[in-house]
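Reader: Could you take me through the aromatic rings in this one? I'd like a close look at how they pair up.

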Amino acid sequence: MENLYELDSFHNFTIPPLTQEERKLFIRKQFPSDNQHIANIIINKLSEKKNIQYHQLLNTPLLIILCILNFQYNRDLPLKKSEFYGRVFDALYQGHDWRSKTGFERTRRCKLMREDYISILEIFSFYTHFKSIFLFSKECIFEVFKIIRNLEKRNRLVKNTIDTYLLDDLTVAINILIIDGNYYSFPHKSFQEYFCANYVISKTEDERKHIYAKFIDLFCNGKAHQLTFPILSILYEKDDIVFINNFILPLLNNIQRIIKKEIFCISVDSQKISYLLSMINEMIYGFDEYAYNRGAFTLGKMENHLYEIEKITTYFYNSLKERKDENDFFINELNI
């Protein structure tokens with residue numbers, strides 16, 4: 001499906017993100033006039049400085065609905081993006097329809113544990129994301145279930161389940177997959193990316209190092225679009241030291257060598273490098289400082305890339321040193 005965007009006759013249309021005022025108005029419309037105090041609480045929470053990251057995340061009506069769903073159960077907003085998606089899943093998993101009668105609960109037909117459903121979703125998301133599959137036919141879903149059954153460490157999850165029952169649990173009981181015509185999808189693509197990142201985090205350290213090396217290969221082989229910001233930012237949140245040491249720093253050092261070697265050659269993909277640097281800057285600072293000047297990073301401005309790479313690399317080296325010093329302090333305090 002990704003190839004459709006490259007056809008000459010294919011036109012891409014984008015919907016602009018909601019403005020801050022539009023977001024407030026939309027939130028108010030989700031509550032009746034006699035219950036506007038809840039809308040005011042959510043709006044006030046979003047306006048707090050610590051929650052400024054949500055201004056970029058909550059840019060579509062669907063994500064705002066999911067934020068409200070999270071707030072119905074937790075009355076607060078998590079500081080980390082990974083916690084936000086985790087809380088939304090928990091609210092869905094509890095099986096309560098917050099817009100209907102209190103206490104309504106949907107029956108899960110497979111009787112699996114919460115962690116089992118999460119593990120299934122992680123494998124499913126990792127496989128489909130890196131296959132560039134975002135709309136799933138029933139046949140595709142059942143094929144992934146078959147793959148899970150063949151995984152030695154994971155086959156117990158679906159070994160004794162019926163495919164139709166498991167799909168029913170994911171679509172009806174948990175509502176993490178929604179039906180769109182003859183296809184299924186996540187409520188928002190970022191959920192697929194969230195579970196995909198969690199699959200990586202669930203692996204051992206050696207396995208994660210191997211995956212990060214494969215990520216570098218993806219970037220260098222022209223598949224940078226598969227390394228999306230939600231995936232990288234969640235890995236940075238939850239696996240920071242291993243992620244920095246085995247993905248960010250090796251990739252930045254590799255790009256730096258390529259630029260210095262080929263600074264006057266056309267083989268350097270400036271757009272791809274700019275894409276990566278914009279995501280890393282956003283992970284560090286919470287905003288995309290390349291948003292307004294990507295066009296400046298042409299072949300003739302490669303020294304700008306070098307400056308950004310050196311700045312970011314220094315930041316991560318200092319960050320790792322601070323973490324090590326902090327760990328050494330506590331270990332020394334314990335006299336270990």
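Author: Here is a walk through the ring pairs, with the ground rules up front. This is a predicted model, where local features need pLDDT of at least 70, side-chain atom pairs count only at pLDDT 80 or more, and totals for chains, interfaces and linings use all residues. Residues are numbered from 1 along each chain as its sequence is written, and side-chain values use heavy atoms, with hydrogens and water left out.

The structure holds 21 aromatic pairs (rings of Phe, Tyr and Trp, the latter by its six-membered ring, with centres within 6.5 Å; planes under 30 degrees apart are stacked, over 60 edge-to-face, the rest tilted). Take tyrosine 85 and phenylalanine 191: their ring centres sit 5.0 Å apart with the planes at 85 degrees, so that pair is edge-to-face. It ties together distant parts of the chain, 106 residues apart, with tyrosine 85 in helix H5 (residues 81-93) and phenylalanine 191 in helix H9 (residues 189-201); helices here are DSSP runs of H or I, at least four residues, numbered from the N terminus. Tyrosine 85 is buried at 2% relative accessibility, and phenylalanine 191 is buried too, at 0% (buried means under 20% relative accessible area, with a 1.4 Å probe and protein chains only).

Then there's phenylalanine 124 with phenylalanine 136: centres 4.8 Å apart and planes at 80 degrees, so edge-to-face. Phenylalanine 124 belongs to helix H6 (residues 114-130), while phenylalanine 136 is in the loop between H6 and helix H7 (138-150). Both of these phenylalanines are buried.

Zoom out, and ring pairs link these four residues into a cluster that also includes Phe84, Phe89 and Tyr93.

How values were computed:
Helices (H or I, at least four residues) and strands (E, at least two) are DSSP runs, numbered from the N terminus. Buried means under 20% relative accessible area, exposed over 50%, partly exposed in between (1.4 Å probe, protein chains only).
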